[in-house]
Amino acid sequence: MPTLSVFMDVPMAHKLEGSLLKSYKQDDYPKKMFLAYRVCMTEDGHPWVSPVVSKLRMQIAQDPSLNYEYTPVMGMKSFIQASLELLFGKHSQAIVENRVGGVHTVGDNGAFQLGATFLRTWHHDSQIVYIISLQKELHGLVFQDMGFTVYEYSFWDPKRMCMDPNILISVVKQAPRGSVLAVGNIADCNLTQSQWTKLMCIMKSKQIFPFFDIPNQGFSSGDLNEDSKILRYFVAKGFEFFCSQSLSKNFGIYDEGVGILVVVARSNQHLLCVLSQMMTFAHVLWYNPPTTGARIITSILCNPALQGEWKHSLKMVVENIVLTKEKVKEKLRLLGTPGSWDHITAQKGTHSYLGLNSQQLEYLVKKKHIYIPKNGRINFTSINANNIDYITQSINEAILFTMGL
């Protein structure tokens, strides 16, 4: 009699992503295009890597003095310190007071995994998590798997085709006392100074714990300090918080998944206690973080000349993104495409919403072989001189078709 498999009742999981890319790869149309890459792309259609990273990778690989022993559970101290100084500034008062620290994490969601584990164990009041971002975030699944009740909201208002900063304030007003507020890419939050002040007052009165996400510092504005200024404002106002600091995208080290879970506490004593618990959890989750990406980043951040090269490469990418968005908007205007396209240039960063409806997106995928996510948020670094005319003409055609013109 054949033995039954212990896996016989395990169903196929619902795909989180990848079906769009699979359809694209199976498409044999010569002009097909994929505008949903997560990584920053170059003009010739390859993942962007900062030139200084490529140079350092070769040097580190050939360095005979490197010690390949296991790293401490916390990670490389020099990497953590350099990353914290990048985020808060070298002369940050919180760094001087030794109340800011971090743990080197694994993968883009490693910091959320570690942070959620800590909150579930040591912050019992925080059983509800509110996630506010420009898109659906995978770390929502992390919190759900940990047993948290998760509510997700988007900054993007599809009707007005703009960011709605009031969403953040309204969510905080309705959140129960002691909730966790996870904010995706805080650099994208277009709140005024008075709105931030109002938000912070509500959060303090309700003891809402912030969990920020800094996925690509420097890619929003081209200015590293500008992209983290709101985080520094929270520090200055005495908030304690966690922050997922990813350093994969802004260096172009995607396969490493290099990041840190940043902890800001009110005192050094509180910080040390939190980090000690973090290391216990990290010991179970991954034991040792990988070092190649961390070594590259540390070498760049600790060398003024190399850091200057890296900052310049970031600025060039952002300037190209801004120029590409301007070109797309202008080409649509010249084509006489119905509607206003100011929302394209009003958005920051590599990814932005086109503002198309589901019918128009379906037309682009099925008729024009331009693969775009269902939410209409595309990677503008995927648009270049070779494909911009075809893309803008196709957008115009899709809109006219769905309008019956």
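The following conversation asks how several descriptions of this predicted model are justified.

Trainee: What makes Glu97 and Arg99 a salt bridge?

Mentor: A nitrogen and a carboxyl oxygen of the two side chains have to lie within 4 Å, and for Glu97 and Arg99 the N to O distance is 2.8 Å, so the pair satisfies the cut-off. In general, side chains of opposite charge can pair when their charged atoms come close.

Trainee: Why is Arg99 called buried, and why does Glu97 count as partly exposed?

Mentor: Buried means under 20% relative accessible area, and partly exposed is the range between that value and 50%. Arg99 has 12% relative accessibility and therefore counts as buried, whereas Glu97, at 37%, falls in the range in between and so counts as partly exposed.

Trainee: How do you know that Lys229 and Glu226 are separated by about one helical turn?

Mentor: Both residues belong to helix H9, which covers residues 224-236, and because they are three residues apart in that helix, about one turn separates them. Their side chains meet in a salt bridge with an N to O distance of 3.1 Å. Lys229 is partly exposed at 43% relative accessibility, and Glu226 is partly exposed at 38%.

Trainee: What makes the salt bridge between Glu397 and Lys368 a link between distant parts of the chain?

Mentor: The side chains of Glu397 and Lys368 meet at 3.4 Å, N to O. This pair joins parts of the chain that are 29 residues apart, with Glu397 in helix H15 (residues 388-402) and Lys368 in the loop between H14 and S12. Lys368 has a relative accessible area of 15%, which is under 20%, so Lys368 is buried. Glu397, at 32%, counts as partly exposed.

Trainee: How many salt bridges does the structure hold, and which residues do shared partners join into one network?

Mentor: The structure holds 11 salt bridges, and bridges that share partners connect Asp157, Arg160 and Asp164 into one network.

Trainee: Why is Val6 called exposed?

Mentor: Exposed means over 50% relative accessible area, and Val6 has 72%, so the word applies to Val6. Val6 lies in the segment before helix H1 (19-26), and together with Phe7 and Val10 it forms a nonpolar surface patch with about 370 Å² of accessible area.

Trainee: What makes the phi of Gln207 notable, and where does Gln207 lie?

Mentor: Most residues other than glycine have a negative phi. Gln207 is not a glycine, yet its phi is positive, at about 50 degrees, and Gln207 lies in the loop between H8 and S8. His369 also has a positive phi, near 60 degrees, without being a glycine. His369 is found in the loop between helix H14 (358-366) and strand S12 (370-371). Gln207 is partly exposed at 47% relative accessibility, while His369, at 17%, is buried.

Trainee: What makes the largest cavity count under the rule of 30 Å³ or more?

Mentor: The largest cavity has a volume of about 70 Å³, and the rule gives one cavity of 30 Å³ or more. Its lining includes Leu134, Trp156 and Asp188, and the lining residues divide into four nonpolar, two polar and two charged.

Trainee: What is the volume of the second largest pocket, and which residues lie nearest its centre?

Mentor: The second largest pocket has a volume of about 510 Å³. It is lined by 22 residues, of which His123, Phe209, Glu240, Phe241 and Arg266 lie nearest the centre, and the lining comprises 13 nonpolar, five polar and four charged residues.

Notes. Residues are numbered from 1 along each chain as its sequence is written. This is a predicted model: local features need pLDDT of at least 70, side-chain atom pairs count only at pLDDT 80 or more; totals for chains, interfaces and linings use all residues. Side-chain values use heavy atoms; hydrogens and water are left out. Patches are made of residues with over 30% relative accessible area and no salt bridge: like charges are joined within 9 Å, nonpolar side chains (Val, Leu, Ile, Met, Phe, Trp, Tyr) within 5 Å. Accessible areas come from the Shrake-Rupley method with a 1.4 Å probe; for residues, only the protein chains shown count as cover. Helices (H or I, at least four residues) and strands (E, at least two) are DSSP runs, numbered from the N terminus. Buried means under 20% relative accessible area, exposed over 50%, partly exposed in between (1.4 Å probe, protein chains only). On a 1 Å grid over the protein atoms alone, a cavity is a set of points where a 1.4 Å probe fits but cannot get out, and a pocket is an open set with protein on both sides within 12 Å along at least five of seven lines; lining residues have an atom within 4 Å of a point. Grid points are joined across faces, edges and corners, and a volume is the space filled by probe spheres set on the points. Ala, Val, Leu, Ile, Met, Phe, Trp, Tyr, Cys and Pro count as nonpolar, Asp, Glu, Lys and Arg as charged, and the others, Gly among them, as polar.
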